[in-house]
Amino acid sequence: MPTWTLHCSACDHAQPGDRAASVCPVCGQPLLARYDRVAPGARAPHWSLWRYAPVLPLRDGERPVTLGEGLTPLVDAPALARQLGVRRVWVKDEGRNPTASFKARGMSAAITRARALGVAGIVVPTAGNAGAAVAAYAAAAGLPVRVYAPRTTPPAILMAIAALGAELELVDGHIGDAGRLATAFAAESGWLNVSTLREPYRVEGMKTMGYELVEQLDGRVPDAIVYPTGGGEGTIGIWKALLEMRDWGWLPTDARLPRMLVAQSAGCAPIVRAHAAGADRAEPWVDPDTYASGLRVPGPLGDRLLLRVLRESAGDAVAVPDAVTRDATRALAAATGLDAAPEGGCAAAAVSALVRAGRLARDAEVVVFNTGSGASYRREAEDLVAAA
Ligand SMILES: *Cc1c(COP(=O)(O)O)cnc(C)c1O
């Protein structure tokens with residue numbers, strides 16, 4: 001089992017991985033884990049993302065907090081590929097995770113470390129799915145949890161959070177406003193704040209999407225990976241995995257890595273705007289507005305890391321209007337049989353937008369991430385919340 005240290009993603013600071021950690025104490029940027037020794041290709045006997053335990057933050061003798069997250073299907077989608085205008089498309093269906101989004105991956109890792117460190121409780125600001133995931137994993141670990149979520153979060157997600165026994169605080173505003181309240185509560189209570197990239201282990205759970213993808217493609221990588229990006233943990237995690245696999249010889253050292261393509265909503269596209277301007281950090285987006293709640297993140301802490309991933313991978317970023325995302329979500333579901341989330345629809349729409357603009361080759365093989373589930377957005381749930 002691995003040992004690791006935490007390194008600042010922006011400056012030279014490093015610290016041991018065996019104590020509670022948040023952002024870099026010197027510059028405030030995210031910390032990332034770096035492992036000391038890794039056996040090539042090592043796998044563990046777990047039927048969950050902990051299959052990759054040799055490259056995850058789990059110490060000797062520890063049991064992970066797990067609900068069977070990860071190991072999601074990679075679905076070959078030839079009809080969708082024809083519609084989007086590329087040679088081949090696979091959809092990685094993250095809606096199949098516990099609490100119906102890839103947020104389960106990050107929370108399994110973060111709550112595993114939190115329990116090992118003996119924290120008293122967990123607090124998180126969320127655009128929705130992170131709240132449901134943390135509620136589930138805190139319940140599994142026997143820890144109390146408080147979730148700050150915008151009042152505009154899809155009702156089905158709010159109900160999942162409440163049903164899992166979390167303390168739910170509704171916020172008038174967006175995830176940035178929720179973040180300020182969560183920070184204040186963490187300071188007064190001593191509970192651990194597991195906000196996106198303010199805690200170094202969620203992204204370790206997220207990176208398993210990259211490990212799985214390569215294993216599911218028999219050691220190959222696609223030409224491009226499209227991720228619907230909000231806070232950036234999914235995108236940053238997958239790129240971290242690809243770099244680790246190349247460093248450790250799980251991929252050939254001369255392997256050409258995929259282009260990372262960021263899809264955002266036209267109503268909240270800080271990374272698309274910064275990338276287009278050639279900037280290395282993003283200005284916060286004023287008045288973020290999109291129904292795809294996972295994408296409503298106006299000022300991500302991971303902006304510099306995301307823009308670096310785009311540069312290093314010769315990637316690209318595109319904003320999709322919600323009306324286009326709505327149609328693309330229905331088309332994604334109808335072309336594949338998968339329960340498409342709007343965020344997944346946004347990623348699919350980004351592929352055709354980039355092809356039409358000549359920014360993605362027609363003979364490309366592309367992996368589209370369906371990061372959540374359509375069920376989380378179904379309207380019949382609204383009546384139940386209104387009656388509560
Ligand atoms: C959180 C979320 C996103 C955005 O992911 P980041 O890692 O924050 O960029 C996309 N889709 C869904 C369904 C989400 O819950």
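Author: Ala, Val, Leu, Ile, Met, Phe, Trp, Tyr, Cys and Pro count as nonpolar, Asp, Glu, Lys and Arg as charged, and the others, Gly among them, as polar. The model is predicted: local features need pLDDT of at least 70 and side-chain atom pairs 80 or more, while totals for chains, interfaces and linings use all residues. Numbering runs from 1 along each chain, and side-chain values use heavy atoms, without hydrogens or water.

Reader: How do the residues of the shell around the ligand divide?
Author: The shell holds 14 residues (a heavy atom within 4 Å). Lys 103, Gly 230, Gly 231, Gly 232 and Thr 371 are the closest. By class, the shell has two nonpolar, nine polar and three charged.

Reader: Which residue has a polar side-chain atom 2.6 Å from a nitrogen atom of the ligand?
Author: Polar contacts here are N or O pairs within 3.5 Å. One ligand oxygen is 2.8 Å from a side-chain N or O of Lys 103. A ligand oxygen is also 3.0 Å from a polar backbone atom of Glu 233. The ligand nitrogen has its 2.6 Å partner in the side chain of Thr 371.

Reader: How much of the ligand's exposed area does the protein bury?
Author: The area is Shrake-Rupley, with a 1.4 Å probe. Alone, the ligand exposes 380 Å². The protein buries 97%.

Reader: In which cavity does the ligand sit?
Author: A cavity is a set of 1 Å grid points, over protein atoms alone, where a 1.4 Å probe fits but cannot get out. Two cavities reach 30 Å³ or more, by the space that probe spheres fill. Sitting in one takes more than half of the ligand's atoms within 2 Å of its points. The ligand sits in the largest cavity.

Reader: Which helix gives the largest share of the lining of the largest cavity?
Author: This cavity has a volume of about 300 Å³. Its lining (an atom within 4 Å of a point) counts 29 residues, with Phe 102, Lys 103, Gly 230, Gly 231 and Gly 294 nearest the centre. Helix 3 (129–141), helix 6 (202–216), strand 10 (224–228) and helix 7 (233–247) each supply at least two. Three residues, the largest share, come from helix 7.

Reader: How does the lining of the second largest cavity divide by class?
Author: This cavity has a volume of about 50 Å³. Its lining includes Ala 110, Leu 192 and Arg 113, and helix 2 (residues 103–117) gives the largest share, four residues. The lining divides into eight nonpolar, no polar and two charged.

Note on methods
Polar contact = N/O pair within 3.5 Å; in protein donor to acceptor, adjacent residues only side chain to side chain. 1 Å grid on protein atoms, 1.4 Å probe; cavity = no way out; pocket = protein on both sides within 12 Å on 5 of 7 lines; lining within 4 Å.
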